[in-house]
Amino acid sequence: LEAEQEIEEAGVDRSYDLPMMINSGITGRVASGLLVTLGGQWSGWSTLDGALAADGGARDSWAIRGGVEADGFELFGRPLPVRIGARHEQLPFRFGGGDNDWANETAYSAGTGLVLGGTAQLDLAVERGQRGGAAAGLDESYWRIIFSTSVLGR
């Protein structure tokens, strides 16, 4: 990652190595019309700890995510899956000046998708999340609305 200063007095250009990330996951059909998924991620952000020491440093971080998708609902004769999920992750950067001021993020989501025909689909999800930690001096909550479409060709 190349960070270039646009204002000459603001500092110097820098270069950072991006971390290695390892992702894994599994999805299984546990009943007719019911999928369960579980995934995790490890990110090696601690390789940037020295380069970011003046700004609080960085740590390796973990994330775990899971969800359920249920079929069996229809809208206008089209399948309408219902999804719920949750995730918890460690944020890799320090927010305060102390040794234990790392923050975490936890979020819960619900959504649905509408198959339009063939391989086209619309998806809508709502997420409610919380970031922070007692030692981090950070406490914030958020709402996120995600709308996406996918079209897959054969």
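Is I145 buried or exposed? In this predicted model, where local features need pLDDT of at least 70, side-chain atom pairs count only at pLDDT 80 or more, and totals for chains, interfaces and linings use all residues, I145 is exposed, with a relative accessible area of 66%. Here buried means under 20% relative accessible area, exposed means over 50% and partly exposed lies in between, with a 1.4 Å probe and protein chains only. Residues are numbered from 1 along each chain as its sequence is written, and side-chain values use heavy atoms, with hydrogens and water left out.

I145 lies in strand 11, strands being DSSP runs of E with at least two residues, numbered from the N terminus. Strand 11 belongs to an open sheet of seven strands in the order 3-4-5-8-9-10-11, with antiparallel pairing, where two strands pair if DSSP finds at least two bridges between them. Strand 3 (21-31) and strand 11 stand at the edges with a single partner strand each, so one side of each is left without a neighbour in the sheet. Further into the order, strand 9 (residues 102-117) pairs with strand 10 in the antiparallel sense over 13 bridges.

I145 also helps to make a nonpolar surface patch of about 590 Å², together with L124, V126, W143 and F147. Such a patch joins nonpolar side chains (Val, Leu, Ile, Met, Phe, Trp, Tyr) within 5 Å, taken from residues with over 30% relative accessible area and no salt bridge, that is, no side-chain nitrogen of Lys or Arg within 4 Å of a carboxyl oxygen of Asp or Glu. Strand 10 (120-133) and strand 11 (138-151) each supply at least two residues of the patch, and strand 11 gives the most, with three.

Notes:
Patches are made of residues with over 30% relative accessible area and no salt bridge: like charges are joined within 9 Å, nonpolar side chains (Val, Leu, Ile, Met, Phe, Trp, Tyr) within 5 Å. Accessible areas come from the Shrake-Rupley method with a 1.4 Å probe; for residues, only the protein chains shown count as cover. Helices (H or I, at least four residues) and strands (E, at least two) are DSSP runs, numbered from the N terminus.
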